[in-house]
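Look over the sequence and the model below before reading on. The paragraphs that follow go through its open and enclosed spaces, one helix, one strand residue and some charged pairs.

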Amino acid sequence: MQLTGLMTDATGIVLAAGAGRRHGTSKALLATPDGEPWIARAVHTLRAAGCEHVVVVLGADAEAAREFVPVGAHPVVADDWESGIAASLRAGLAAASHPSLMRDAALVTLVDLPDLPVTAVQRMLAAPITAATLRRAVYEGRLGHPIVIGRDHWDPLVHALGGQAETTEYVQAHGEFVECGDLWGGADVELSPRATTSD
């Protein structure tokens, strides 16, 4: 996937810290059937949709996972990743707050969505983005990713976070939902082969 040439005012964040117990190995070490690491696929998708800068949040097996982070992306480790997805989001937003990466918003997705199409990400970024933007993708009404979080919401959301439910409640109270079900089903992957560099 190539960059579109049309950059958006959002920093991409890929949450890839989970232990992946359903998969038998860390999510960050998994790959598509054709051997592309999930991490690389996620970064390439966000870049192709217009995110010039992408942060990858690692946790379980972080050192091994670093080799799958594409050149130019920014790996960070959520030290408390075992406490849940909220910890990963906090680490991602903290990294995106660095002056060299900060934009008006962050676009957040999960590493275990390797089939996420560029078109869905583009739809989430299509409307004007400001620091007040807050929107979440839904698939035939079912909550999904990406989520676009304007900078005005970073601190309030981090303080509200305790888990997925708090994120949903915050978006319902302050943001909007964008239907993307015509582009993709929105489901994560149940099983994928382990990524490897030996091929």
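A pocket here is an open set of grid points with protein on both sides within 12 Å along at least five of seven lines, and its lining residues are those with an atom within 4 Å of a point. The model is a predicted one.

The largest pocket has a volume of about 310 Å³. Its lining is made up of 16 residues, and those nearest the centre of the pocket are Ala17, Gly18, Lys27, Gly84 and Ile85. Two elements, S1 and H3, each give at least two residues to this lining. Sorted by class, the lining of the largest pocket holds eight nonpolar, four polar and four charged residues.

Helix H3 can be followed further. H3 runs from residue 85 to residue 96. With twelve residues at 1.5 Å a residue, H3 should span 16 Å, and its end C-alpha atoms are indeed 16 Å apart, so the expected and the modelled spans agree. How much of H3 is covered? Nine of its twelve residues are buried, so H3 is mostly covered, where buried means a relative accessible area under 20%. The buried residues are Ala86, Ala87, Ser88, Leu89, Ala91, Gly92, Leu93, Ala95 and Ala96. Among the elements that cover them are five strands, namely S1 (10-16), S2 (54-58), S3 (74-77), S4 and S6, together with helix H5.

H3 also takes part in an enclosed space. A search of the whole structure finds two cavities of 30 Å³ or more. The largest cavity has a volume of about 80 Å³. Eleven residues line this cavity, and Leu15, Ile85, Leu89, His145 and Thr167 are the ones nearest its centre. Helix H3, strand S6 (142-150) and helix H6 (164-174) each contribute at least two residues to the lining. Eight of the lining residues of the largest cavity are nonpolar, three are polar and none is charged.

The second largest cavity encloses about 30 Å³. Which residues line the second largest cavity? They are Arg41, Ala42, Thr45, Thr109, Leu110, Leu113, Pro114 and Leu116. Helix H1 (38-49) and strand S4 (105-110) each supply at least two of them, and H1 gives the most, with three residues. By class, this lining has five nonpolar, two polar and one charged residues.

Thr109, one of the residues lining the second largest cavity, lies in strand S4. Is Thr109 buried or exposed? Its relative accessible area is 1%, so Thr109 counts as buried. Apart from neighbours within four places in sequence, Thr109 is in contact with Ile13, Val14, Leu15, Leu46, Leu116 and His145. Two of these contacts, Leu15 and His145, are also among the residues nearest the centre of the largest cavity. The C-alpha atom of Thr109 is separated by 8.9 Å from that of Gly144, a residue 35 places away along the chain.

The last topic is charged pairs. Side chains of opposite charge can pair when their charged atoms come close. A search of the whole structure finds eight salt bridges. One of them joins Asp104 and Arg151, whose closest N and O atoms are 3.1 Å apart. This pair links distant parts of the chain, as Asp104 is in the loop between H3 and S4 and Arg151 is in the loop between S6 and helix H5 (154-160), 47 residues apart. Asp104 is partly exposed, with a relative accessible area of 22%, and Arg151 is partly exposed as well, at 32%.

A salt bridge also forms between Arg123 and Asp182, with the closest N and O atoms 2.6 Å apart. Here too the pair links distant parts of the chain: Arg123 is in helix H4 (residues 118-126), and Asp182 is in the segment after strand S7 (176-179), 59 residues apart. Arg123 is partly exposed at 30% relative accessibility, whereas Asp182 is exposed at 56%.

Arg135 and Glu176 meet through their side chains in another salt bridge, at 3.4 Å from N to O. Arg135 lies in strand S5 (residues 134-139) and Glu176 in strand S7, so the pair ties together parts that are 41 residues apart in sequence. Arg135 is buried, with a relative accessible area of 4%, while Glu176 is partly exposed, with 41%.

Notes: Residues numbered from 1 in each chain as written. Predicted model: local features only at pLDDT ≥ 70, side-chain atom pairs only at ≥ 80, totals over all residues. Heavy atoms only, no water. 1 Å grid on protein atoms, 1.4 Å probe; cavity = no way out; pocket = protein on both sides within 12 Å on 5 of 7 lines; lining within 4 Å. Points joined across faces, edges and corners; volume = space filled by probe spheres on them. Helix = DSSP H or I, 4+ residues; strand = E, 2+ residues; numbered from the N terminus. Nonpolar A, V, L, I, M, F, W, Y, C, P; charged D, E, K, R; others polar. Salt bridge = Lys/Arg side-chain N within 4 Å of Asp/Glu carboxyl O. Buried < 20%, exposed > 50% of the residue type's maximum accessible area, 1.4 Å probe, protein only. Expected span 1.5 Å × (residues − 1). Contact = heavy atoms within 4.5 Å.
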